[in-house]
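Here is a short guided tour to read alongside the sequence and the 3D view. Keep both open and follow along.

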Amino acid sequence: MLRMTLLGVGTAVPDQDRENTHMVWEAPEGLLLIDAGGSTFQRILRAGLDPLALRGVFLTHSHTDHINGLPALIFQLALAGFQGSLPIYGNAPTIELVRRILDVFGLEQYKVPLEWVVVAGGQEVPLHSPSYRLRVADTVHPRPCLALRLEDRTSGSALVYSADTEPCPTVQDLARGASILIHEATTPQPFAGHTTPRQAGTVAATAQAGRLVLVHFSPRYTMSAADAIAEVHAGGFAGEAEIGREFGTYTL
Ligand SMILES: [Zn+2]
Ligand SMILES: [Zn+2]
């Protein structure tokens with residue numbers, strides 16, 4: 001089974017119901033964490049999953065709301081008895097910054113062995129998974145950022161996550177034909193580096209996505225949920241659209 005569980009769905013500033021956006025991908029061979037915003041270890045447990053089953057962490061970019069939970073996660077995995085080494089995937093500037101942050105934490109023996117894997121937009125990530133493949137694309141954001149396309153090797157169906165971005169051709173292309181498109185919708189009005197609910201609707205419609213899930217969204221900071229769904233439809237998307245909720249699951 002291939003399934004995404006949302007661990008957080010909020011904007012860079014959390015609200016009372018929403019942690020920073022991050023999520024975990026479940027495959028027969030283990031879990032791939034996508035970003036680490038907040039109490040990630042605990043959130044994986046609350047999702048009914050085992051943090052010791054993590055087989056990798058993919059970081060979309062180095063903004064604080066996407067990486068702040070990583071040092072604690074690495075520390076907690078070590079204390080909990082994690083076996084083996086943990087690959088950390090990301091673009092070069094993200095990996096560079098995160099390595100420096102971990103040095104400052106001085107985790108020493110309280111740290112699982114890490115494998116740093118640098119990936120670039122347009123590449124397939126070398127996960128060697130028998131069940132799915134992962135391709136990434138550069139987004140348009142103040143820091144270099146990667147969107148992800150997770151594709152079932154058997155059925156070919158795909159789940160795409162935009163990460164942080166304004167509408168752009170590379171993410172538009174990556175999203176083509178996705179069964180599930182998880183797209184950020186941070187801002188009420190067009191804003192450099194981010195997307196509005198209406199723009200997310202247009203991306204989903206152009207991609208002919210099956211289902212659209214808005215994340216990096218907050219009724220407190222973006223707009224009401226009802227307005228956001230109306231905006232998605234105004235953007236041209238006629239399919240199933242919803243606001244992502246924490247611990248919501250999406251099975252391919
Ligand atoms: Zn963000
Ligand atoms: Zn960001």
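## A question to start with

Which residue follows α3, and is its phi positive or negative? The residue is Gly 81, and its phi is positive, near 90 degrees. Please keep in mind throughout that this is a predicted model.

## The chain as a whole

The protein chain holds seven helices and 13 strands. Its radius of gyration is 17 Å, close to the 18 Å that the globule rule gives for 252 residues, so the chain is as compact as a globular protein of that length. Along the principal axes, the C-alpha atoms fill a box of roughly 55 × 40 × 30 Å.

Of the 252 residues, 48% are buried. If you look at contacts with a separation of 6 or more, 64% of them are between residues 24 or more positions apart.

## The seven-stranded sheet

Now turn to an open sheet of seven strands, with mixed pairing and the order β6-β5-β4-β3-β2-β1-β13. At its edges stand β6 (114-118) and β13 (249-251); each has a single partner strand, so one side of each is left without a neighbour in the sheet. On average, neighbouring strands here are turned by 20 degrees against each other, direction ignored.

As a reminder, strands of a sheet pair through backbone hydrogen bonds, either parallel or antiparallel. Strand β1 (residues 3-8) and strand β2 (residues 22-27) run antiparallel and are joined by five bridges. Two places to check this by eye are Met 4, which stands opposite Trp 25 in β2, and Thr 5, whose bridge partner in β2 is Val 24.

On from β2, a hairpin of two residues leads into β3. Strand β3 (residues 30-34) pairs with β2 in the antiparallel sense, again over five bridges. Here Met 23 has Ile 34 in β3 as its bridge partner.

## Helices α3 and α4

Back to helix α3 (residues 70-79): its buried residues are Leu 70, Leu 73, Ile 74 and Leu 77. Seen down the axis of α3, these buried residues fall within an arc of 95 degrees, so they line one face of the helix. They pack against α1 (40-46), α2 (64-67) and α4 (92-105).

Helix α4 also connects this part of the tour to the sheet. It lies across β5 (86-90) and β6, and runs at about 150 degrees to β6.

## The parallel strands around β11

Further along the chain, strand β11 (residues 211-215) is mostly covered, with four of its five residues buried. What does β11 pair with? Strand β10 (residues 180-184) is one of its partners, in the parallel sense over five bridges, and strand β12 (residues 240-243) is another, also parallel, over four bridges.

Val 213 is a handy landmark for both pairings. Ile 182 stands opposite Val 213 in β11, and Val 213 in turn stands opposite Glu 242 in β12.

Helices link these strands. Together, β10, helix α6 (residues 197-207) and β11 make a right-handed β-α-β unit. From β11 the chain crosses through helix α7 (residues 225-234) to β12, and this β-α-β crossover is right-handed.

Note on methods
Residues are numbered from 1 along each chain as its sequence is written. Chains are lettered from A and ligands numbered from 1 in the order in which they are written. This is a predicted model: local features need pLDDT of at least 70, side-chain atom pairs count only at pLDDT 80 or more; totals for chains, interfaces and linings use all residues. Two strands pair if DSSP finds at least two bridges between them. The radius of gyration is taken over C-alpha atoms; the globule rule is 2.2 Å times the number of residues to the power 0.38. A residue is buried if 20 or more other C-beta atoms lie within 10 Å of its own, exposed if 12 or fewer, and partly exposed in between; C-beta atoms are placed from the backbone. Two residues are in contact if their C-beta atoms, placed from the backbone, lie within 7 Å. The arc is that of the directions from the helix axis to the C-beta atoms. Axes are lines fitted to C-alpha atoms, for helices over the stretch in contact, and angles run from 0 to 180 degrees between N-to-C directions. A crossover is right-handed if, with the strands pointing away from the viewer, the path from the first strand over the helix to the second runs clockwise.
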